[in-house]
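Okay, thanks for coming, everyone. Have a look at the structure on the screen, and I'll talk you through one part of it.

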Amino acid sequence: MLQIILAILAFGFLVIVHEFGHFITAKKSGVQVNEFWVGMGPTLLAKEWHGTRYCLKLLPFGGACVMEGEDGESDNPHSFGHAPLPHRMLVVVAGALMNFLAGFLLLLLLYTPAKYQGFSSTTIDSFFDGFTAQGETMLMPGDEILKIDGYRVLLNNDVRTGLSRGGADGYDIVVRRNGAVKMLTDVPLKPLFDNGTKYGINFTIEKKTPLVLLKHTLYMAVDFGRLVWDSLGMLVRGQVGVDQLSGPVGVAGVMAQTVRHSWEDFILLVSFISINLGVMNLLPLPALDGGRLLFLIIEAIRRKPVPPKYEGYVHAAGLALLMLLMLYVTGQDIFRLITGA
């Protein structure tokens, strides 16, 4: 039960971080924030301060930043619609940016302890005995792997990911060799073991310095965002089904299981979910921040805003569809919990 409560609180924290991004940028942009909630459901405590009503709700997850004129017209000069266009764009994307920042800082917190003295790089150190794909036209010690079949390699884990994406007859690998970028074609790499985790290559260890730590953490955050984007692409292409999606119930269940296993894995998962929330919210879909940003981009192109009532209709329809999707995935989550599937 303690792990479940912790998972719910962590998920709620990420939502509050998102809403705080909207809140602080709205305040700095001169937009009136009518209410800021922490939690959902019935109000336990409320206090008015500097024109904003702050509320603590009963349920320890969720939150909201309610701005004047956010979903309709308002004559208030401090309403959202009266703010300069660049300020409104910043307010809209600030929630996602805060989720990206939170994910990055969690990763930084995870890898700062002294027990992490270095990180596996993408530069080849040596090969296993019997490794055949080496030579001037193949791989050589000292090569820094940059791309595998077009897949950009940022971290050591990306090498395995890139190799797992294809290459039945060989890989096209871009490396940096002696300072020059070189394309290697049809490199015949095969996993040495059935699980596909080893390809016979040893990589150098990059000693941890403040700069290396920041670079590694940033690349890992970018990788998390790329993984979410790749998963969305698989969903659009039909490689995975909607029934494989998880909602808050499923996410909380996975988080609870993870914290039982390892605190480090839990922090890693929370970081991934935070960046996931940022990416998802920036999708150009109605009712999401990305949908609102799309209307602001249209306004910038047209040099006049889309009539609020029409934008409201689009967001209302998108919200209804989003709620139906949430009901479906939540039902799937509950079914999986009951059946153990």
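I'll stick to one helix and its two neighbours.

Quick housekeeping: this is a predicted model, where local features need pLDDT of at least 70, side-chain atom pairs count only at pLDDT 80 or more, and totals for chains, interfaces and linings use all residues. Residues are numbered from 1 along each chain as its sequence is written, and side-chain values use heavy atoms, with hydrogens and water left out.

So, helix α2, residues 85-111. Helices here are DSSP runs of H or I with at least four residues, numbered from the N terminus. The end C-alpha atoms of α2 sit 39 Å apart, which agrees with the 39 Å expected for 27 residues, taking 1.5 Å times one less than the number of residues. There's also a bend of about 45 degrees at Ala94, that being the angle between axes fitted to the seven residues ending there and the seven starting there.

Now, which helices does it pack on? One is α6, residues 263-281, at about 160 degrees with the axes 7 Å apart. That makes the pair roughly antiparallel, meaning an angle over 145 degrees. Axes are lines fitted to C-alpha atoms over the stretch in contact, and angles run from 0 to 180 degrees between N-to-C directions. On the α2 side, the contact includes Phe100 and Leu107, where contact means heavy atoms within 4.5 Å.

Then there's α7, residues 289-302: its axis comes within 9 Å of α2's, crossing at roughly 165 degrees. These two are therefore roughly antiparallel as well. Among the residues touching here are Arg88 of α2 and Glu299 of α7.

Technical notes. Angles under 35 degrees count as roughly parallel, over 145 as roughly antiparallel, 65 to 115 as roughly perpendicular and the rest as oblique.
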